[in-house]
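Here is a small set of exercises to work through with the viewer open. Try each task yourself before reading its solution.

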Amino acid sequence: MKNKKTLIALIVLVVLVIGAFAVWKVNAPQGQTGDKTILVSVVVDTETSDFVIETDAEFLRGALEQAGLVEGTESEYGLYVTTVNGVTADESQQQWWCFTRDGGTLETGVDSTPIADGERYEITLTTGW
């Protein structure tokens, strides 16, 4: 009887794990396949540089690396962007790169931010945590 209860509990646990994975997979950000054009503005102090990127990348990192705009270090969460358009954020001055899309701050990293044709991104060198 005890083995039967353990087996049922194990089966229920496996089903729950599979269900949780399926829900995550369905709700994960999806990139748009095919050719697209995005506009990226890089803001450092009062200077803005605009870049038009034509890409077939599905996520922001691919488009930015294709254009040679970003560098950084790999982390468990993806690329931690330290340099944009040749300018490196100085952590000793609490500088970091803020990424926005159409005026709203991104809630995902560059690796998991899907892109779509016609979107506008702004990357701003920001000081202060």
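Three exercises follow, each with a worked solution.

Before starting, note that this is a predicted model, in which local features need pLDDT of at least 70, side-chain atom pairs count only at pLDDT 80 or more, and totals for chains, interfaces and linings use all residues. Residues are numbered from 1 along each chain as its sequence is written, and side-chain values use heavy atoms, with hydrogens and water left out.

**Exercise 1. The sheet**

Task: Find the strand order in the open sheet of 5 strands, and explain which strands stand at the edges.

Solution:
- Step 1. Take the elements from DSSP runs: helices are H or I with at least four residues, strands are E with at least two, and numbering starts from the N terminus. The protein chain has 2 helices and 8 strands, in the pattern α-β-β-α-β-β-β-β-β-β.
- Step 2. Pair two strands if DSSP finds at least two bridges between them. The resulting order is β2-β1-β8-β6-β7, with mixed pairing.
- Step 3. Look at the ends: β2 (47-55) and β7 (104-105) each have a single partner strand, so one side of each lacks a neighbour in the sheet.
- Step 4. Check one pair. Strand β1 (residues 36-44) runs antiparallel to β2, with 9 bridges joining them; valine 44 lies opposite glutamate 47 in β2.

**Exercise 2. The nonpolar core**

Task: Work out which elements give two or more residues to the largest nonpolar core.

Solution:
- Step 1. Collect buried Ala, Val, Leu, Ile, Met, Phe, Trp, Tyr and Cys residues joined through side-chain atoms within 4.5 Å. Buried means under 20% relative accessible area, with a 1.4 Å probe and protein chains only.
- Step 2. The largest such core has 23 residues, and Ile38, Val40, Leu60, Leu64, Val81, Trp97 and Phe99 have the most contacts inside it.
- Step 3. The elements giving two or more residues are β1, α2 (60-66), β4, β6 (95-101) and β8 (120-127). The largest share, 4 residues, comes from β1.
- Step 4. Inspect leucine 64. Leaving aside neighbours within four places in sequence, its contacts (heavy atoms within 4.5 Å) include Val40, Ile53, Phe99 and Ile123.

**Exercise 3. Threonine 83**

Task: Decide whether threonine 83 is buried or exposed, and find its polar partner.

Solution:
- Step 1. Locate threonine 83 in strand β4 (residues 78-84).
- Step 2. Its relative accessibility is 8%, so threonine 83 counts as buried.
- Step 3. The side chains of threonine 83 and threonine 88 are joined by a polar contact of 2.8 Å (a pair of N or O atoms within 3.5 Å, one able to donate a hydrogen and the other to accept it within protein; residues adjacent in sequence count only if both atoms are side-chain atoms).

Key: Buried < 20%, exposed > 50% of the residue type's maximum accessible area, 1.4 Å probe, protein only.
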